[in-house]
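Student: I have a model on my screen and want to read it properly. Can we go through it together?

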Amino acid sequence: MRVPQDHLQTYEGSRFFAPGSTNGKVARKANRNRRKNARTRQNVKLRRRTVLYLGENFAVKLFSDFKFQRFVENFNERGLIYSQFETFRHFNDMNLSLLAQKLLDSPNAGGNSVESEVLSYELLHRCYGARLAKTEMEVVYFPEGGSITDYTCEMFGTLLGVSVTRAMKYKGDFTLEDANKLLNKKLNGIVNSTQNTLEKWSKQILHVWATSHHVANMVTQAYRHLPTDIQSNTVVFITVVVTSNTTIFCNS
């Protein structure tokens, strides 16, 4: 399958976004009113806009990207952001960025989700310009022995820790209880690693790879009922994977 070069497109629904135009045949006063209303509608569209990233390796549909930037840039902001991910190539055949390749080649603290961590960075890099700062084993903590983050990066001029997890269930349906357990474990771990790190990150992102929209909905419902001290100022970035043959959810 041939895919165009990387680019971003902004659209609303099935229509690509473009500033509102006016009818030159109407009276001047009506024309001014239309331009004013068009600007108002344009501002609303920008707040609600959806951005499509299309690259050679994968496509990503990004929802509320302005809100995501606000969450990242403001220390006290927190919340949920959604995205949708579709791969065009098997992971081993992808042309990764240099720093994503570094993340792939670097030793880690163990675990079976190297692919999800590499693609987490590659998504943030391609879609938001994130730049890797430190890999998992380069981040320093004191005292040691507590929870650790998967990598750090700079995005929107902000140094961030990023913790990556997969919301999935091999047998049966993914339930609200499953989502609660996952979020409590991961978000408490983020609070712990932020307290113990010697790095100077501003906040953390919890990147949740979800196997379906149902799983994403369960995670959303669970998040809304969490105490604020567990939510902290963490940004929860949920990515629904719509490709059936992906290996993100396979243990390596």
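What follows is a set of short questions and answers on this predicted model.

Student: What is the mean pLDDT of the protein?

Tutor: The model is predicted, so start with the predictor's confidence in each residue, pLDDT. A share of 79% of the residues reaches 70 or more. The mean pLDDT of the protein is 86.

Student: Over residues 10–27, how many contacts beyond four places in sequence does the model have?

Tutor: Read this stretch with care. Its pLDDT stays under 50. Residues 40–47 also stay under 50, and there the model has eight such contacts. For residues 10–27 the number is 28.

Student: How many helices and strands does the secondary structure come to?

Tutor: Take the whole chain before the details. The protein has 252 residues, and 44% of them count as buried. Among contacts with a separation of 6 or more, 71% join residues 24 or more positions apart. The secondary structure comes to seven helices and 10 strands.

Student: Which helix gives the most to the largest nonpolar core?

Tutor: That core has 39 residues. Phe68, Phe85, Leu124, Tyr151, Met155, Ile205 and Trp209 touch the most other members. With eight residues, the top contributor is helix α4, residues 114–128.

Student: How many residues are in the second, separate core?

Tutor: Look for Phe174 and Ala210, which are among its members. Met218 and Leu226 are also included. This second core has 22 residues.

Student: Which residues does Phe68 touch, leaving out those up to four places away in sequence?

Tutor: Phe68 is one of the core residues that touch the most other members. Leu124, Met155 and Ile205 are in that group too, and Phe68 touches each of them. The full list for Phe68 is Ile81, Leu124, Tyr128, Met155, Phe156, Ile205, Val235 and Phe237.

Student: Are α3 and α4 roughly parallel or roughly antiparallel?

Tutor: Helix α3 covers residues 98–105, and its axis is 9 Å from that of α4. The two pack at an angle of about 160 degrees. Angles over 145 count as roughly antiparallel. Therefore α3 to α4 is roughly antiparallel.

Student: Which residues of α4 meet α3?

Tutor: The crossing of the two helices is right-handed. From α3 come Leu99, Ala100, Leu103 and Leu104. On the α4 side they meet Val114, Glu117, Val118, Tyr121 and Glu122.

Student: Is Ser64 buried, partly exposed or exposed?

Tutor: Ser64 sits in the loop between β4 (58–63) and α2 (65–73). Its phi is positive, about 55 degrees, although it is not a glycine. Most residues other than glycine have a negative phi. With a relative accessible area of 23%, Ser64 is partly exposed.

Student: Is Asp65 buried or exposed?

Tutor: Asp65 lies in helix α2. Beyond four places in sequence, Asp65 touches Arg49, Val51 and Tyr128. Buried means under 20% relative accessible area. Asp65 has 10%, so it is buried.

Student: Where is Phe156 found?

Tutor: Phe156 is a residue other than glycine with a positive phi, near 55 degrees. At 23% relative accessibility, Phe156 counts as partly exposed. Phe156 is found in the loop between β7 and β8 (158–167).

Student: Which residues does the cis peptide bond with omega of about 0 degrees join?

Tutor: Most peptide bonds are trans. For this cis bond, look in the loop between β6 (131–135) and β7 (151–155), where Pro143 lies. The bond joins Phe142 and Pro143.

Technical notes:
Residues are numbered from 1 along each chain as its sequence is written. This is a predicted model: local features need pLDDT of at least 70, side-chain atom pairs count only at pLDDT 80 or more; totals for chains, interfaces and linings use all residues. Side-chain values use heavy atoms; hydrogens and water are left out. pLDDT is the predictor's confidence in each residue, from 0 to 100. Contact means heavy atoms within 4.5 Å. Helices (H or I, at least four residues) and strands (E, at least two) are DSSP runs, numbered from the N terminus. Buried means under 20% relative accessible area, exposed over 50%, partly exposed in between (1.4 Å probe, protein chains only). A nonpolar core is a set of buried Ala, Val, Leu, Ile, Met, Phe, Trp, Tyr and Cys residues joined through side-chain atoms within 4.5 Å. Axes are lines fitted to C-alpha atoms, for helices over the stretch in contact, and angles run from 0 to 180 degrees between N-to-C directions. Angles under 35 degrees count as roughly parallel, over 145 as roughly antiparallel, 65 to 115 as roughly perpendicular and the rest as oblique. A crossing is left-handed if the near helix is turned anticlockwise from the far one by less than a right angle, and right-handed if clockwise.
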